[in-house]
Amino acid sequence: KNLPWTPVPTITRAREQALDLGLKFVYTTNVAPHEGSATSCPRCKTVLVRRVGFKILENRVQDGACPRCKSRLPGIWA
């Protein structure tokens, strides 16, 4: 409770390392605005869901897939 916040560059670096290790969906939701708040297609890198915090600003997923490359995405996309 008495520790300082983790610096944004540290969070960004941790996200990049996780992506480099093969994780496909790594978020930095508590840092806004930040590119790590968005959901991107793991195949073509198109931004599919834009968020600020937990608020969805845009959802481009179509029938559970990327509209650009048609790659299927795990999850329920209603």
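Buried means under 20% relative accessible area, exposed over 50%, and partly exposed in between (1.4 Å probe, protein chains only). We're looking at a predicted model, where local features need pLDDT of at least 70, side-chain atom pairs count only at pLDDT 80 or more, and totals for chains, interfaces and linings use all residues. Residues are numbered from 1 along each chain as its sequence is written, and side-chain values use heavy atoms, with hydrogens and water left out.

**Exercise 1.** Place Thr28 and work out whether it is buried or exposed.

Solution. Start with the location: Thr28 sits in the loop between helix H1 (8-20) and S1. Helices (H or I, at least four residues) and strands (E, at least two) are DSSP runs, numbered from the N terminus. Next, accessibility: Thr28 has 5%, so it counts as buried. Finally, leaving aside residues up to four places away in sequence, Thr28 touches Ile11, Arg15, His34, Gly36 and Ser37 (contact means heavy atoms within 4.5 Å).

**Exercise 2.** Lay out the sheet and find its edges.

Solution. The order is S1-S2-S3 in an open sheet of 3 strands, paired antiparallel. Strands S1 (39-40) and S3 (55-59) each have a single partner strand, so they stand at the edges. Pairing here requires that DSSP finds at least two bridges between two strands; S2 (residues 47-52) and S3 have 4 bridges. Across that pair, Arg50 stands opposite Glu58 in S3.

**Exercise 3.** Count the disulfides.

Solution. A disulfide is a pair of cysteine sulfur atoms within 2.5 Å, and the count by this rule is 0. For Cys41, the nearest cysteine sulfur is that of Cys69, 3.5 Å away. For Cys66, it is that of Cys44, 3.6 Å away. Cys41 is buried at 1% relative accessibility, and Cys66 is buried at 1%.
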